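Please open the model in your viewer and keep the sequence panel visible. The tour below proceeds by selection, one stop after another.

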Amino acid sequence: GYTPKQGDVVVLTKASYQEDSIVKRVIATEGQTVDIDFRAGIVYVDGVALEEDYIYTPTHLSEGMEFPLVVEPGCLFLMGDNRMDSRDSRAPEIGLVDEREILGRAVFLLMPGTGRGEYTVPRDTGRIGGLN
């Protein structure tokens, strides 16, 4: 079976949050410690700042979870790439995600969104055909 690893983009179900599938990036796996400096917008895993060239904006939105946070066994810490407009593991209603909720890994990007929910903003077509 598929074992999610840090950096993977995964498709999951989180019935307690919404019925539709959602897509997020794996930031940390079980046993790892996540800390976020919301002023600087930097995410740390096990004390090392992540180099996140895939995000649209720095991580300034906290959403309510307490940090630092140790990822529990069998769980994942997930975040969306559009950090200022993403409900993810920073929010208590999603929190840590059980690996059994993962449907699989996203391996191909057909058409990226604008990241702003608007059709007037040009799409970032540089990511079509793959994921960073």
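**Stop 1: Phe 67 and the cores**

Select Phe 67 and display its surroundings: leaving aside residues up to four places away in sequence, Phe 67 touches Val 34, Asp 35, Ile 36, Phe 38, Phe 77 and Arg 90, where contact means heavy atoms within 4.5 Å. The model is predicted, so local features need pLDDT of at least 70 and side-chain atom pairs count only at pLDDT 80 or more, while totals for chains, interfaces and linings use all residues. Residues are numbered from 1 along each chain as its sequence is written, and side-chain values use heavy atoms, with hydrogens and water left out.

Next, add Ile 27, Val 34, Ile 36, Val 71 and Phe 77 to the selection; together with Phe 67 they touch the most other members of the largest nonpolar core, which has 16 residues. Such a core is a set of buried Ala, Val, Leu, Ile, Met, Phe, Trp, Tyr and Cys residues joined through side-chain atoms within 4.5 Å. Buried means under 20% relative accessible area, exposed over 50%, and partly exposed in between (1.4 Å probe, protein chains only).

Colour the strands β2 (18-29), β3 (33-37), β4 (42-45) and β7 (75-79), each of which supplies at least two residues of this core. Strands are DSSP runs (E, at least two residues), numbered from the N terminus. The largest share, three residues, comes from β7. Then select Leu 12, Ile 22, Leu 76 and Val 97, which are among the nine residues of a second, separate core.

**Stop 2: β4 and its neighbours**

Which residues of β4 lie on its covered face, and which on its uncovered one? Val 43 and Val 45 form the covered face, whereas Ile 42 and Tyr 44 form the uncovered face.

Move to β3, which pairs with β4 in the antiparallel sense over four bridges; two strands pair if DSSP finds at least two bridges between them. Asp 35 stands opposite Tyr 44 of β4. Four residues lie between the strands of this hairpin, in which Gly 41 takes a positive phi near 75 degrees.

On to β5 (residues 48-49), joined antiparallel to β4 by two bridges. Here Ala 49 is the bridge partner of Tyr 44. This hairpin has two residues between its strands, and Asp 46 in the turn has a positive phi of about 50 degrees.

**Stop 3: the five-stranded sheet**

Finally, display the open sheet with the order β8-β7-β2-β1-β9, paired antiparallel. Its edge strands, β8 (97-98) and β9 (102-105), each pair on one side only. Two bridges link β7 and β8 in the antiparallel sense, and Val 97 in β8 is the bridge partner of Leu 76.
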